[in-house]
Amino acid sequence: MPTGELGAEEFYDEDDLEELDEQADAELLARFDAEAIGEDEEAAILTARHRSGRGGEADPHVEDGERLQKVLAHAGVASRRACEDLIASGRVSVDGVVVTEVGVRVDPTAQEIRVDGTRILTNPDVITVLLHKPAGVVTTMEDPQGRPTIAELAERYVAEHADEIEHPDSVRLVHVGRLDAETEGLILLSNDGELSHRLMHPRYEISKTYVAIVEGEVEHWVPRKLRRGIELEDGPAQADRVVVKDSGPAGSIVEITLHLGKNRIVRRMLDAVGHPVTRLARTRLGPLTLGSLKPGQMRRLRGDEVAALQREVGL
């Protein structure tokens, strides 16, 4: 009798055995052989069973990776012990697979990790920076006319914070969306491709708030007209909210919030109602505000701010 896992002998039920008559023809024997699995297939099945024991056939475990709870803790999710509890309770997924085993190892630079459905940035070289763009800086990576560009500010940030970035030589921040040269205010610099794409995509347009200094005294009908919508040369435009902060014959201050991302949209809307803009600043982008940042200053977004942005665009 053959030796097996259960001891010196293998034990079989009669139903497990299939016998062939000695007189079986060649065709029947060939069919029997065809149904048998080869060594490679058997090894694949055993591997799948092992992976299934962890997290399914798409097991995200990386043998030489970092422990998942450590990666989450370094990303600022919670303490390592609290992260272990998150994993054990089934609130963490890696590459779409819910992981409940604390010992799982992952690659934080290549795998997508989520907690309660929210994407967690675990690659230390993926960053998003909030910049207060000064007036006169063009939102391009280079300018043939030699004007100061937003790329120069992005490079300055990386150089000044090189000790906080794991591989500063490989980090290249680009602008997310645009502000025209004379408009100042909030704009993002990032190398987070998925977040940047969604923030710029028309489908995910998030609200933006601007404060404009305009010519003339704004009459009471102007905010209502802007909220109802006006027709511009490239189609209709409508504000979500308009507040006149101050108004007088010498000029007025108007705060306007909208979702549209058309070129120079705020300037064109206010000009269309008879109030050309003399100064314009973007003060809010979705959940983000300029705060106390002065023109030319910038700071890296905190984890909760990135999470709030992700929720805005369904990441």
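Two strands are said to pair if DSSP finds at least two bridges between them. The exercises below apply this idea, among others, to a predicted model.

**Exercise 1. Pairing around strand E15**

Task: Determine in which sense E15 and E16 pair, and over how many bridges.

Solution: Begin with the definition, which asks for at least two bridges between the strands. E15 and E16 have 2 bridges and pair in the antiparallel sense. One residue pair to look up in the structure is Arg284, whose bridge partner in E16 is Thr289. Next, follow the chain through the hairpin of E15 and E16, where 2 residues lie between the strands and Gly286 takes a positive phi near 55°.

Task: Find the bridge partner of Gly185 and the bridge partner of Tyr210 in E15.

Solution: Take strand E9 to begin with, which is joined to strand E15 (residues 277–285) by 2 bridges, the two strands running parallel. Within this pairing, Gly185 has Arg282 of E15 as its bridge partner. Then turn to strand E10 (residues 208–214), which pairs with E15 over 7 bridges in the antiparallel sense. Here Tyr210 has Arg282 in E15 as its bridge partner, so that Arg282 is named as a partner for both Gly185 and Tyr210.

**Exercise 2. The surroundings of helix H9**

Task: State which residues of helix H9 (residues 303–312) are buried, and which elements these buried residues pack against.

Solution: A residue counts as buried when its relative accessible area is under 20%. In H9, this applies to Glu305, Val306, Ala307, Ala308, Leu309 and Gln310. Now look at what surrounds them: the buried residues of H9 pack against helix H6 (193–200) and against four strands, namely E6 (118–120), E9 (184–190), E16 (288–289) and E17 (298–300). Finally, follow the chain to the residue Gly314 just after H9, which takes a positive phi of about 75°.

**Exercise 3. Positive phi outside glycine**

Task: For Asp95 and Arg264, work out where each residue is placed and whether it is buried, partly exposed or exposed.

Solution: Start with Asp95, which is not a glycine and yet has a positive phi of about 50°. Asp95 is placed in the loop between strand E2 (92–94) and strand E3 (97–99), and with a relative accessible area of 41% it is partly exposed. Continue with Arg264, likewise a residue other than glycine, whose phi is positive and near 55°. Arg264 is placed in the loop between strand E14 (251–258) and helix H8 (265–272), and its relative accessible area of 41% makes Arg264 partly exposed.

Definitions and conventions
Residues are numbered from 1 along each chain as its sequence is written. This is a predicted model: local features need pLDDT of at least 70, side-chain atom pairs count only at pLDDT 80 or more; totals for chains, interfaces and linings use all residues. Side-chain values use heavy atoms; hydrogens and water are left out. Buried means under 20% relative accessible area, exposed over 50%, partly exposed in between (1.4 Å probe, protein chains only). Contact means heavy atoms within 4.5 Å.
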